[in-house]
Amino acid sequence: MMAAAAAAKGGAVLLPASVLSVGLRLFPSCRSNIISLVTGSKTSLHRRISIFTSGRSCHSLSPAAVTGEASSTTVVVESTDEAPKLAHDDPVKEAADVLDIRVGRILRAWRHPEADSLYVEEVDVGETEPRTICSGLVNYVPLDHLQDIRVVVLANLKPRNMRGIKSNGMLMAASDAPHVTVELLLPPEDSVPGERIWFGSEEDKDKQPDAATPNQVQKKKIWELVQPHLKTTDECVAVLGVHPMRTSAGLITCRSLKNANIS
């Protein structure tokens with residue numbers, strides 16, 4: 001009687017426990033803190049139970065499907081809470097976040113005296129001394145294009161001896177599928193040498209974890225896990241999946257290669 005009276009006046013009543021129990025069992029992801037009973041007229045054919053979370057309907061059922069009875073009542077279960085954000089672990093993004101990728105500036109570059117396909121570069125990566133890096137770019141990039149430019153350096157790889165010269169890092173570049181065209185990744189011109197590059201939004205800069213050690217990168221094969229997921233977009237922006245690669249000055253790009261691999 002009280003429920004009928006309240007409904008007739010347009011008031012709200014508690015949903016019967018049996019109906020609520022079935023509804024929550026059917027829709028465990030829906031949570032509510034506002035439960036109201038709204039009576040419908042005989043002319044209304046919208047007989048359904050709608051469960052809303054954050055204002056969006058999760059599902060709709062006939063009352064008979066829940067209560068076993070025909071009814072002209074529409075039961076609305078709503079929530080003013082935000083929908084829970086599910087935590088999806090992304091091992092590739094987590095691995096990429098511990099790579100020490102930095103803005104570099106090539107101070108000078110020359111041909112390797114013992115390897116026809118290699119250049120040797122001295123690169124400022126924000127340390128007290130420039131790093132020496134060997135790159136297999138002779139067939140792709142003219143030597144004069146490597147003088148005094150901003151580049152992207154993967155800095156926490158273990159040093160490698162390359163024909164008598166120890167290479168302490170890697171210049172990152174985009175390449176087409178047949179590996180005929182290779183272009184260096186380019187930070188914005190006003191990027192600061194030594195700044196650590198990250199993947200994501202501008203706000204993600206301060207969320208970077210500490211970089212892994214070179215031994216950890218090698219032992220856990222972190223670069224091997226990340227590299228297949230690095231691409232360029234139709235706008236030649238370097239990305240990890242949906243996460244753009246960026247510095248404080250802007251996005252990392254290449255000159256012209258679209259949907260290209262990055263290594």
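## A five-stranded sheet, two pockets and a pair of unbonded cysteines

Asn259 sits in the loop that links β18 (250–251) to β19 (261–262). Its phi is positive, about 50°, although Asn259 is not a glycine. Please keep in mind as you read that this is a predicted model. Beyond that loop, the points below cover an open sheet of 5 strands, a largest pocket of about 590 Å³, a second largest pocket of about 280 Å³, and a search for disulfides that finds 0 of them.

**Backbone angles in loops**

- Asn259, with its positive phi of about 50°, is exposed, at a relative accessible area of 54%.
- Lys221 is another residue other than glycine with a positive phi, in this case near 50°.
- You will find Lys221 in the loop between α5 (214–219) and α6 (222–226).

**The open sheet**

- Reading across the sheet, the strand order is β7-β6-β5-β8-β11, and the pairing is antiparallel.
- The edges belong to β7 (131–135) and β11 (170–171); each has a single partner strand, so one side of each has no neighbour in the sheet.
- Strand β5 (residues 101–111) pairs with strand β8 (residues 150–154) in the antiparallel sense, over 5 bridges.
- Two positions let you trace that pairing: Gly104 stands opposite Val151 in β8, and Val103 has Val152 as its bridge partner in β8.
- β5 also pairs with strand β6 (residues 119–124), again in the antiparallel sense, over 6 bridges.
- In that second pairing, Arg111 stands opposite Tyr119 of β6.

**The largest pocket**

- The largest pocket holds about 590 Å³ of space.
- Its lining has 27 residues, and those closest to the centre are Leu157, Arg160, Gly169, Met170 and Trp223.
- Several elements supply at least two lining residues each: the strands β7, β9 (160–162), β11, β12 (173–175) and β13 (182–184), together with the helices α5 and α6.
- Two of those contributors, β7 and β11, are also the edge strands of the open sheet.
- By class, the lining of the largest pocket splits into 14 nonpolar, 9 polar and 4 charged residues.

**The second largest pocket**

- About 280 Å³ of space lies in the second largest pocket.
- Residues lining the second largest pocket include Tyr140, Val141, Pro142, His145 and Ile149, as well as the run Val180, Thr181, Val182, Glu183 and Leu184.
- Leu186 and Arg255 also belong to the lining of the second largest pocket.
- By class, the lining of the second largest pocket has 8 nonpolar, 2 polar and 2 charged residues.

**Cysteines without a bond**

- A disulfide is a covalent bond between the sulfur atoms of two cysteines.
- Across the whole structure, the search finds 0 disulfides.
- For Cys236, the closest cysteine sulfur is that of Cys254, and at 4.5 Å it is too far for a bond, because a disulfide needs the two sulfur atoms within 2.5 Å.
- Cys254 is likewise in no disulfide, and its nearest cysteine sulfur is that of Cys236, 4.5 Å away.
- Cys236 is buried, with a relative accessible area of 7%.
- Cys254 is buried too, with a relative accessible area of 4%.

Conventions: Residues numbered from 1 in each chain as written. Predicted model: local features only at pLDDT ≥ 70, side-chain atom pairs only at ≥ 80, totals over all residues. Heavy atoms only, no water. Pairing = 2+ DSSP bridges. Helix = DSSP H or I, 4+ residues; strand = E, 2+ residues; numbered from the N terminus. Buried < 20%, exposed > 50% of the residue type's maximum accessible area, 1.4 Å probe, protein only. 1 Å grid on protein atoms, 1.4 Å probe; cavity = no way out; pocket = protein on both sides within 12 Å on 5 of 7 lines; lining within 4 Å. Points joined across faces, edges and corners; volume = space filled by probe spheres on them. Nonpolar A, V, L, I, M, F, W, Y, C, P; charged D, E, K, R; others polar.
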